[in-house]
Amino acid sequence: MESKLFTEFQLGPITLKNRTIRSAAFENMAYGNKPSEDLYNYHTSVAKGGVAMTTVAYCSVNRSGVSFDGQLYIHDEIKEDLKRLTDGIHANGAKASIQLGHCGNMTHFYTCKCLPVGASTGFNLYSPTLHRGLKKEEIKQLAKDFGHAVDFCRECGFDCVEIHAGHGYLISQFLSPYTNHRHDEYGGSLENRMRFMEEVLDEVMRHAANDMAVVVKTNMYDGFKAGLKVEDCLKVAQTIERHGVHALVLTAGFVSKAPFTVMGGAMPIKALAHYMNPWTFGWLRLALRCVGHIMIPTVPFKELYFLDTAKQFRQALKMPLIYVGGVMSRDNCETVLNEGFELIQMAHVLVKDPDFVNKMKADEHYHSTCKRSNYCVARMYTKEMKCHECVENLPKYLEKEAKHYEQMWYPNAK
């Protein structure tokens, strides 16, 4: 009998050839905020490797929401290159999705070309930067920007958009009491804090019409004391469900407070510091070397680390759910599908192994050779995403660090 993993799924108006999706993990390949040949080659290789749909990571709906020079934002200059990218993905047998969001206060003036904005005025230690609270008319315009971005993505050939409402970016900053201190209709109660998200979803669904699939990524918990808890996030998810989106990606974590809740494991501090520009980030490199493991605490990694919590959402929701978090093998995928989840997202395994899905199809017990050193995560903040085993002339001390973390999570691996 054919595995459910390799059966079709109807995601809103589009048909996926199997149940796998490349998640919107940051590639840092949009050099100068434009699609590059590296971005094209990576996503077409993943499409050729068997995924049903590949998601181009984080594209801001406008310039003010850009947090890295290697990120995209919606502007006409990139339209032709994105069309070439989606054509390449389609030619290799997959659907094309793109994640739309706004980073809010997670940026700098020199990156977004304005004073960073957020749900409320304050200071973000993670960036670090001062930021101002959005005015009501700006909030309304941002919601419209999300809708216009859907039209733009359709014109570029995308089949699906993923709205980022988690991880401490702008929509998440409105949802969380930690970052939302407003006293108007966008602050206070959870219902008020969801208002911006709902306005965004109204615009997105209206512009998506009947030919674009819409997925939303949202937290199951923020991962720290002052953030959203599971019971809060269940209410958020139920509200998203009422807006008629086609599927929900269940995630967790807050980049500025609980970054490794998102992906599990440890940050390779030496690798992170190694790739930082010493002239621009000299003080941060020093801080990382001294107290990096306090700044970015380790979260023990285990395969399918979100599954137990995600099952609570499966019980509470009727809509299609996309599982993400620690998928490393075909056995993992079968477990997730048997728990009632319709689709599976993955990223780490597709960095080293773009043909991971085809390998799973050929071998029912295939397990990725990725051992979660998170070197690719440390590197992607300043250079293009890449596995340490794919880097030529990697310094010995970085190779040793990567092997150390691999042995921590997979002590019996060769």
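Student: Which residues have side chains joined to Ser64 by polar contacts of 2.7 Å and 2.8 Å?

Tutor: In this predicted model, a polar contact of 2.8 Å links the side chain of Ser64 to that of His102, and another polar contact, of 2.7 Å, links the side chains of Ser64 and Asn62.

Student: Where does Ser64 lie, and is it buried or exposed?

Tutor: Ser64 sits in the loop between E4 and strand E5, which covers residues 72-73. Its relative accessible area is 18%, and because buried means under 20%, Ser64 counts as buried.

Student: What does Ser64 touch, leaving out residues up to four places away in sequence?

Tutor: With those sequence neighbours left out, Ser64 touches His102, Cys103, Thr107, Cys112 and Cys114, and His102 is also the partner in the polar contact of 2.8 Å.

Student: You mentioned E4, so which strand does E4 join through six bridges?

Tutor: E4 is joined by six bridges to E6, and the two strands run parallel. If you would like a spot to look for in the picture, Ser60 stands opposite Gly101 in E6.

Student: What does E6 do on top of that, I mean which strand does it pair with over four bridges?

Tutor: E6 pairs with strand E10, residues 160-165, over four bridges and in the parallel sense. There, Ile98 stands opposite Val161 in E10.

Student: And how many of the residues of E6 are buried?

Tutor: Six of the seven residues of E6, which spans residues 95-101, are buried, so this strand is largely enclosed by the rest of the structure.

Student: What holds strands like these together, in general?

Tutor: Strands of a sheet pair through backbone hydrogen bonds, and the pairing is either parallel or antiparallel.

Student: Okay, then where is there antiparallel pairing with E8?

Tutor: E8 pairs with strand E9, residues 129-133, in the antiparallel sense over three bridges, and the bridge partner of Gly122 is His131 in E9. These strands belong to an open sheet of three strands with the order E7-E9-E8 and mixed pairing. The edge strands of that sheet are E7 (117-118) and E8 (122-124), each of which pairs on one side only.

Student: Switching topic, how many cavities of 30 Å³ or more are there?

Tutor: The structure holds two cavities of that kind. The largest has a volume of about 120 Å³, and the second largest has a volume of about 40 Å³.

Student: What lines the largest cavity?

Tutor: The lining of the largest cavity is made of 16 residues, and those that lie nearest its centre are Cys370, Arg372, Ser373, Cys387 and His388. Two elements give two or more residues to this lining, namely helix H13 (348-352) and helix H15 (375-380), and H13 gives the most, with three residues. By class, the lining has five nonpolar, five polar and six charged residues.

Student: And which classes of residue line the second largest cavity?

Tutor: In the second largest cavity the lining has eight nonpolar, two polar and one charged residues. Among the lining residues are Phe26, Met29, Leu39, Val56 and Tyr58. We also meet E4 (residues 53-60) again here, since that strand gives the largest share of the lining, three residues.

Student: What about pockets, how big is the second largest one?

Tutor: The second largest pocket has a volume of about 220 Å³. Its lining has 14 residues, of which Ile269, Lys270, His293, Glu401 and Tyr405 lie nearest its centre. The elements that give two or more residues to this lining are helix H9 (269-274), helix H10 (282-295) and helix H16 (396-409), with the largest share, seven residues, coming from H10.

Student: Last thing, which residue in the loop between helix H3 and E7 should I look at, and what is its phi?

Tutor: That would be Lys113, in the loop between helix H3 (109-112) and E7. Lys113 has a positive phi of about 65° although it is not a glycine, and with a relative accessible area of 53% it is exposed. Asn33 is another non-glycine residue with a positive phi, near 65°, and it is found in the loop between strand E3 (20-22) and helix H1 (37-48). Asn33, however, counts as buried, at 6% relative accessibility.

Key:
Residues are numbered from 1 along each chain as its sequence is written. This is a predicted model: local features need pLDDT of at least 70, side-chain atom pairs count only at pLDDT 80 or more; totals for chains, interfaces and linings use all residues. Side-chain values use heavy atoms; hydrogens and water are left out. On a 1 Å grid over the protein atoms alone, a cavity is a set of points where a 1.4 Å probe fits but cannot get out, and a pocket is an open set with protein on both sides within 12 Å along at least five of seven lines; lining residues have an atom within 4 Å of a point. Grid points are joined across faces, edges and corners, and a volume is the space filled by probe spheres set on the points. Ala, Val, Leu, Ile, Met, Phe, Trp, Tyr, Cys and Pro count as nonpolar, Asp, Glu, Lys and Arg as charged, and the others, Gly among them, as polar. Buried means under 20% relative accessible area, exposed over 50%, partly exposed in between (1.4 Å probe, protein chains only). Two strands pair if DSSP finds at least two bridges between them. A polar contact is a pair of N or O atoms within 3.5 Å; within protein, one must be able to donate a hydrogen and the other to accept it, and residues adjacent in sequence count only if both atoms are side-chain atoms. Contact means heavy atoms within 4.5 Å.
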